[in-house]
Amino acid sequence: TATASGKVQPKFSTTTGWDIDWLKHDDASYKSEVVDGVTTTTMTFKYTLTAATPYVPVTLTLANESASQDESVYTTLAMVPPATTPVLDFATPDAATGNFNLYDQANGKLTMYKTSKSSITLGASCPFGTKLVLNNQLPWLEVSKSKSGPAPSTTGTPATDVSVSTPVEEYYTLMLKDVTATSDVNSKFEIINLGDATQTLELTVELLDPAITTIELTGTTGGAAYNNYKITDVPRTDGSTVEVKITSPQGVTASTLSSWFTIAETAAFTRTTPTDATGSQTFTLTVKDAVTDFTAAPIVLNKNRKQFSAWVIGLLALSLAGCSEAEVPSATTPGDDPLVNDPTRREIILGFQNKLNIKTAGTTRADAPIATTEENEITSLDIYVFSSDKEEGPYTYQERFCYRSDGSTIPNATKIILTVEGDNVA
C-alpha cells in the first residue's frame with residue numbers, strides 16, 4: 001500500500017537480458033482511493049519461480065502520477081528472489097577440433113582425456129557473478145576466467161550439449177597441466193554464487209586414458225584368435241570373414257595394405273548413453289579371392305582424436321630378430337624422399353642379420369645377389385614410425401616407409417631402398 005498526492009503506478013526494470021517475468025503486478029486487484037485528501041493505492045504482486053533456475057533481482061519503481069516526471073524522486077524497491085546455485089552451459093566442441101572432453105550435468109562430472117593441452121570450457125550463469133575454487137587435490141588443473149567464450153548451446157544438439165535459458169556472462173576454461181596425473185573421488189572443485197556463498201555447485205573431474213580400451217573378436221571366428229595386438233589363425237578360404245570389435249573413447253579408423261585381406265567398418269561407433277566414457281564399433285576382416293600369398297600384414301588403427309596415437313594389430317611381414325640400427329649422415333637417392341634436405345630429419349639404417357635376399361630389377365633367381373632359398377627373399381617391407389617425447393609414451397604415429405621389390409610406390413608412404421652389404425640386407 002502506498003500513499004501519495006495521486007495514484008501510484010508500478011514499473012519494473014532489471015539487468016538487460018535477464019527475465020523479469022518471474023514477478024508480475026496483479027492488475028485485477030489494483031485499487032486506488034482518496035481518504036481525507038490522501039490518495040491510497042493498494043497493489044498486489046505475484047511471483048513464480050522454477051527450482052534450480054537463477055533469477056535476477058527486479059527493481060520496482062513506484063511512480064506518482066501527480067508528481068514530477070523526474071524519476072529520481074520516485075520510490076524504488078529491490079525485489080530479490082531466493083539465491084540459487086550457478087548453472088552451467090556447455091557447447092560440445094566441433095569434432096574437427098579434436099576436443100572430446102564432456103560435461104555430464106546429471107552426475108555433476110567433467111571427463112577429460114589425458115592428452116597435451118586437454119581442456120574444457122564451461123559457461124556460468126548467475127546474476128551475482130561466480131568464482132571457481134580448486135581444492136588441493138587438483139594441482140594438475142589450470143583455470144582461467146573470461147567474459148567471452150564458445151557460443152552458448154541453445155538447441156541441445158548434439159545430445160552432449162547442456163543449455164541454459166538464462167544469460168551466460170562468465171566462462172571458465174580448465175586446462176590439464178600434467179598428462180600423467182590421476183583422478184579419484186576427491187578430484188572436485190566448486191563454483192560459488194558471489195551473492196550467497198552457501199549456494200555452490202560441486203563438480204568432479206575424471207581423467208581418462210585415451211588408449212583403446214578393448215579389442216576382441218566377435219561372431220563366428222572360424223578358428224581365428226586375438227591376443228596382445230595379434231590376430232592369428234585367420235581362415236584362408238576365399239571370402240572368409242573375421243569380426244573385430246573395438247571399444248575406445250572416441251572411435252577409430254582402420255586401414256591395411258595387405259595383399260590378401262581387406263578391413264572395413266561394419267558397425268559404426270556408438271555409446272550406450274551420450275555421456276559414456278567409451279563406445280564400440282565393429283570392423284570386418286575379409287579374405288580376398290584367389291590368394292596364395294598370406295604374408296602377415298598390420299592393421300593400423302588411428303584414433304579419432306588429435307594427439308591420440310595410432311595402434312597396430314597384426315604381424316610384420318618379417319621376423320626382425322637380430323635387427324641393429326646406426327645413425328648415419330643423410331644419403332638418400334634424390335627424388336625418393338621430398339624431405340631429404342630437411343636438417344631436422346635423421347636417416348637410420350636397419351640391418352637384417354639373417355641372410356635375407358632382395359630381388360633387383362632385371363635379375364633372375366639364378367643371378368640374385370645372394371644364393372639363398374626363395375623363402376628368404378624380401379618382396380615387401382613396411383616400417384611404421386611412432387614417436388614420443390618420453391620413453392614411457394604416449395606414442396603417436398608419424399610416418400610409414402615402404403619397400404616393394406617391383407619398385408612400385410605406395411600412396412602416403414615414403415619409398416625406401418634395400419641394399420646388400422655382405423651377407424646382410426640394409
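**Close-up views**

**View 1. A salt-bridge network between strands S31 and S32.** Arg-400 has 8% relative accessibility and so counts as buried (buried is under 20% relative accessible area, exposed over 50%, partly exposed in between; 1.4 Å probe, protein chains only). This is a predicted model: local features need pLDDT of at least 70, side-chain atom pairs count only at pLDDT 80 or more, and totals for chains, interfaces and linings use all residues. Residues are numbered from 1 along each chain as its sequence is written, and side-chain values use heavy atoms, without hydrogens and water. Asp-382 is buried too, at 18%. Asp-382 and Arg-400 form a salt bridge, with the closest N and O atoms 2.6 Å apart (a side-chain nitrogen of Lys or Arg within 4 Å of a carboxyl oxygen of Asp or Glu). Asp-382 sits in strand S31 and Arg-400 in strand S32, so the pair ties together parts 18 residues apart in sequence. Strands here are DSSP runs of E, at least two residues, numbered from the N terminus. Shared partners join Asp-382, Arg-400 and Arg-404 into one network of salt bridges.

**View 2. The open sheet S31-S32-S33.** This sheet has three strands and mixed pairing; two strands pair if DSSP finds at least two bridges between them. Its edge strands are S31 (380-387) and S33 (414-415), each pairing on one side only. S32 (residues 396-404) and S33 are parallel, with two bridges. Phe-401 stands opposite Thr-414 in S33. In a regular strand, side chains alternate between the two faces of the sheet.

**View 3. Salt bridges across the sequence.** The count for the model comes to five salt bridges. One of them joins Lys-109 to Glu-206, with the closest N and O atoms 3.1 Å apart. Lys-109 is in strand S11 (residues 109-113) and Glu-206 in strand S17 (residues 200-208), so this pair links distant parts of the chain, 97 residues apart. Lys-109 is partly exposed at 24% relative accessible area, and Glu-206 is partly exposed at 27%. The side chains of Lys-145 and Glu-170 also meet in a salt bridge (3.1 Å, N to O). Lys-145 belongs to strand S14 and Glu-170 to strand S15, so the pair ties together parts 25 residues apart in sequence. Lys-145 is partly exposed at 44%, whereas Glu-170 is buried at 7%.

**View 4. Asp-161 in the loop between S14 and S15.** The flanking strands span 141-146 and 170-176. Asp-161 is buried, at 14% relative accessibility. Its side chain makes a polar contact with the side chain of Thr-92 (2.7 Å). Such a contact is a pair of N or O atoms within 3.5 Å; within protein, one must be able to donate a hydrogen and the other to accept it, and residues adjacent in sequence count only if both atoms are side-chain atoms. The C-alpha atoms of Asp-161 and Phe-90 are separated by 5.7 Å, although the residues are 71 apart along the chain.

**View 5. Thr-256 in the loop between S22 and S23.** The strands on either side are S22 (252-255) and S23 (261-270). Thr-256 counts as buried, at 19% relative accessibility. Its side chain reaches the backbone nitrogen of Ser-258 at 3.2 Å. The Thr-256 side chain also reaches the backbone oxygen of Pro-298, at 2.8 Å. Leaving aside neighbours within four places in sequence, Thr-256 is in contact with Phe-261, Ile-263, Pro-298 and Ile-299 (heavy atoms within 4.5 Å).

**View 6. The hairpin of S4 and S5.** Strands S4 (residues 31-35) and S5 (residues 38-42) run antiparallel, joined by five bridges. Lys-31 has Thr-42 as its bridge partner in S5. Two residues lie between the strands, and Asp-36 takes a positive phi near 55°.

Notes: Helix = DSSP H or I, 4+ residues; strand = E, 2+ residues; numbered from the N terminus.
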